[in-house]
Amino acid sequence: MYKYDQYDQQMVDTRVEEFRDQVRRRLDGSLTEDQFRPLRLQNGLYLQLHAYMLRVAVPYGTLNSQQMTLLGDIADKYDRGYGHFTTRQNIQYNWIKLEETPDILADLATVEMHAIQTSGNCIRNISSDQYAGAAADEIVDPRPYAELLRQWSSFHPEFLTLPRKFKIAVIASETDRAAMKLHDIGIQMVRNAAGEIGARFFVGGGMGRTPMIGPMIRDFVPLDQLVTYCEACLRVYNRYGRRDNKYKARIKILVHELGKDEYTRQVEEEFAHLLTQDIEPPLAELERIKAHFVDPPFEAGASDDLDLSDPDFRLWVERNCAPHKQAGYIVATVSLKPVGGIPGDATSDQIRLMAKLARDYSFDELRVTHAQNIVFPHVRKADLYAVWKALDEAGLGTANLDMVGDIIACPGLDYCSLANARSIPVAQKISERFGSAEKQAEIGELKLKISGCINACGHHHAGHIGILGVDKKGTENYQLLFGGSEGADTSLGQITGPGFDEEGIVAAVETTTNVYLRERQQGERFLDTYRRIGMAPFKEALYG
Amino acid sequence: MKIVTGNDLKTGAVVWWDGEGWSKYVNSAADVGAGGEAIIAREEGARRVFAAYVIDGERNADGVRPSHIKERIRALGPTVRMDLSLKPGDPDASNWVI
Ligand code: SF4
């Protein structure tokens with residue numbers, strides 16, 4: 001895992017003291033709220049429905065046990081005993097006091113964490129594949145490249161006031177586990193015919209009001225030009241992105257309006273110019289970063305045997321575990337979606353337990369996933385039963401990864417000041433109705449995602465089934481979408497028709513799965529059946 | 001009725017103007033008539049609250065009820081965590097919110 005050097009630490013420490021002074025000046029009246037608001041947002045401090053909310057960055061979703069333990073301690077010391085893991089692989093606290101925020105940031109800095117650039121029109125936390133460094137199917141660990149871009153984008157003076165926020169994802173396998181094509185820039189690390197590693201660039205994807213799948217604009221950028229190419233993409237956007245209209249200000253609109261070819265031409269022109277400016281960090285810097293991401297000391301010859309005689313454990317292994325690149329090891333996902341629970345929420349005790357298990361059984365590493373779960377990336381198969389037992393006793397042993405109970409849901413109107421409707425109660429009701437092991441086994445893989453407004457933090461466009469909360473004359477209403485996907489086969493969901501009330505949307509999901517169960521062919525997931533038979537049979541059942 | 005609500009500057013807590021000061025309880029909210037903006041200007045200037053605004057509501061037999069669901073949720077707390085609401089022991093506390 002990356003360790004801060006003196007510059008990283010100094011930047012973060014200095015920022016804490018700067019913010020402490022800004023808070024002091026806000027409280028003594030030297031700063032008005034209008035003056036203070038952008039300053040607090042630059043430090044991840046929002047105002048939400050009930051209180052201040054602090055969003056803490058988890059770079060590319062990677063944490064060590066010390067950091068995770070502190071996240072649990074912060075929940076107790078400064079909040080109400082829980083945290084919410086987000087679809088951006090971050091964590092949010094919902095009940096923060098302004099006067100305590102500098103102390104929280106100071107605590108975070110002691111474990112090399114911060115809340116910088118988790119808000120505002122800047123380059124946000126870089127996301128990545130939660131299985132990075134462990135996945136059997138990756139060509140390289142994507143995190144060193146994400147870290148290089150984190151360093152490039154942190155406090156980048158040219159890109160702190162972009163037309164809108166900017167999100168980058170970096171992956172390194174064909175199986176896209178990070179919704180890469182739905183980011184402002186999606187980068188896939190690839191190998192070319194000569195066997196060299198480079199970066200494939202997808203630019204102009206996104207969800208929100210105008211969902212778009214990012215088109216590929218460059219098949220291969222050599223490693224010694226990676227930062228320069230990113231800089232060129234951002235420069236064209238910064239120059240021509242729509243600052244006149246907030247709803248048209250994301251790069252996806254620019255790419256769409258210019259057309260992929262014209263945007264690419266401008267990027268290539270800027271890129272050629274930037275190459276003459278020699279802005280790329282030396283490859284030695286990338287090598288220095290890479291040295292932080294070497295494999296942990298795996299036990300050679302570790303056994304691949306797993307005793308699956310406990311049926312609950314067997315189910316969890318089948319559902320929640322993925323192949324590891326190292327024989328004798330496995331990748332395990334902890335579902336934060338117990339039946340009827342709040343997606344992504346974990347208590348301080350659960351957070352600390354996951355930290356301890358990671359320390360003892362996963363080479364001190366955890367990952368936050370964009371699906372609001374936690375991953376132990378490197379578990380020895382011989383230890384897996386002990387890990388699951390401990391998780392299960394703490395209410396963390398749910399076997400439902402990528403099943404209908406593994407719902408992504410944004411905070412919605414229970415917490416979010418931008419929301420139109422509540423997301424969490426809908427998720428809870430669906431989870432209760434479909435969450436039994438038998439029902440989930442019957443339905444199979446079904447990714448269901450819920451957003452409380454068009455901003456799409458709950459990725460509803462990318463759900464096999466998506467649900468979008470809207471305001472219908474002051475009451476909550478829910479639109480239903482089918483056919484979204486965020487993987488290698490990225491597609492955007494289509495709205496079925498008129499919306500439903502809260503009870504109606506749960507019933508509509510049941511109607512939908514009934515059609516699927518009736519129509520599916522051997523081996524088909526819901527998404528496959530939908531893609532084969534189209535919307536009509538579902539519409540007929542839903543609307544008659 | 002017209003109600004003024006905002007957030008406590010230091011704690012961020014949701015508060016309601018009760019005619020003399022700020023209360024955590026929506027039932028204490030006063031009808032400010034046309035005087036809301038003046039209250040907001042004075043109270044924000046004194047740094048007692050921030051992000052304050054005027055909303056519609058009504059007073060019925062049970063208490064003061066903001067018109068919009070968002071404000072009713074603000075008044076009580078997250079509907080999914082009644083243990084964190086202002087009435088954690090009352091299972092019926094959220095009946096009027098939705
Ligand atoms: S999708 Fe809307 S309601 Fe949900 S968290 Fe994002 S902004 Fe809030």
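This passage goes through the ligand site, the open and closed spaces, and the ring contacts of a predicted model. Residues are numbered from 1 along each chain as its sequence is written, with chains lettered from A and ligands numbered from 1 in the order in which they are written. Local features need pLDDT of at least 70, side-chain atom pairs count only at pLDDT 80 or more, totals for chains, interfaces and linings use all residues, and side-chain values use heavy atoms, with hydrogens and water left out.

Around the ligand (a residue is near if one of its heavy atoms lies within 4 Å) sit Cys410(A), Pro411(A), Gly412(A), Cys416(A), Leu418(A), Ala419(A), Gly452(A), Cys453(A), Asn455(A), Ala456(A) and Cys457(A). That shell holds eight nonpolar residues, three polar and no charged; here Ala, Val, Leu, Ile, Met, Phe, Trp, Tyr, Cys and Pro count as nonpolar, Asp, Glu, Lys and Arg as charged, and the others, Gly among them, as polar.

Next come the spaces. On a 1 Å grid over the protein atoms alone, a cavity is a set of points where a 1.4 Å probe fits but cannot get out, and a pocket is an open set with protein on both sides within 12 Å along at least five of seven lines; lining residues have an atom within 4 Å of a point. Grid points are joined across faces, edges and corners, and a volume is the space filled by probe spheres set on the points. The second largest pocket comes out at about 510 Å³. Its lining of 29 residues has Thr175(A), Asp176(A), Arg177(A), Asp402(A) and Lys447(A) nearest the centre, and splits into nine nonpolar, nine polar and eleven charged.

As for closed spaces, the whole structure has four cavities of 30 Å³ or more. The largest cavity takes up about 190 Å³, and 17 residues line it, with His114(A), Ile116(A), Gln117(A), Arg150(A) and Ser154(A) closest to its centre. Nine of the lining residues are nonpolar, five polar and three charged. Helix 1 (6-27) of chain A gives the most, three residues, while helix 5 (143-153) of chain A supplies at least two; helices are DSSP runs (H or I, at least four residues) numbered from the N terminus. Helix 5 of chain A is itself largely enclosed by the rest of the structure, because ten of its eleven residues are buried (under 20% relative accessible area, 1.4 Å probe, protein chains only). Among them are Arg150(A) and Trp152(A). Right after helix 5 of chain A comes Phe155(A), with a positive phi near 60 degrees.

Rings of Phe, Tyr and Trp (its six-membered ring) pair if their centres lie within 6.5 Å, with planes under 30 degrees apart called stacked, over 60 edge-to-face and the rest tilted. There are 23 such aromatic pairs over all chains. Tyr229(A) and Phe271(A) make an edge-to-face pair, with centres 4.9 Å apart and planes at 75 degrees. This pair joins helix 6 (residues 226-240) to helix 8 (residues 260-275) of chain A, across 42 residues. Tyr229(A) is buried at 0% relative accessible area, and Phe271(A) is buried too, at 3%. Phe526(A) and Tyr530(A), by contrast, are stacked, with centres 6.5 Å apart and planes at 15 degrees. Both lie in helix 16 (residues 526-533) of chain A, four residues apart, about one turn of the helix, and both are buried. Ring pairs also tie these two into a cluster with Phe482(A), Tyr516(A) and Phe538(A).

Note on methods: Buried means under 20% relative accessible area, exposed over 50%, partly exposed in between (1.4 Å probe, protein chains only).
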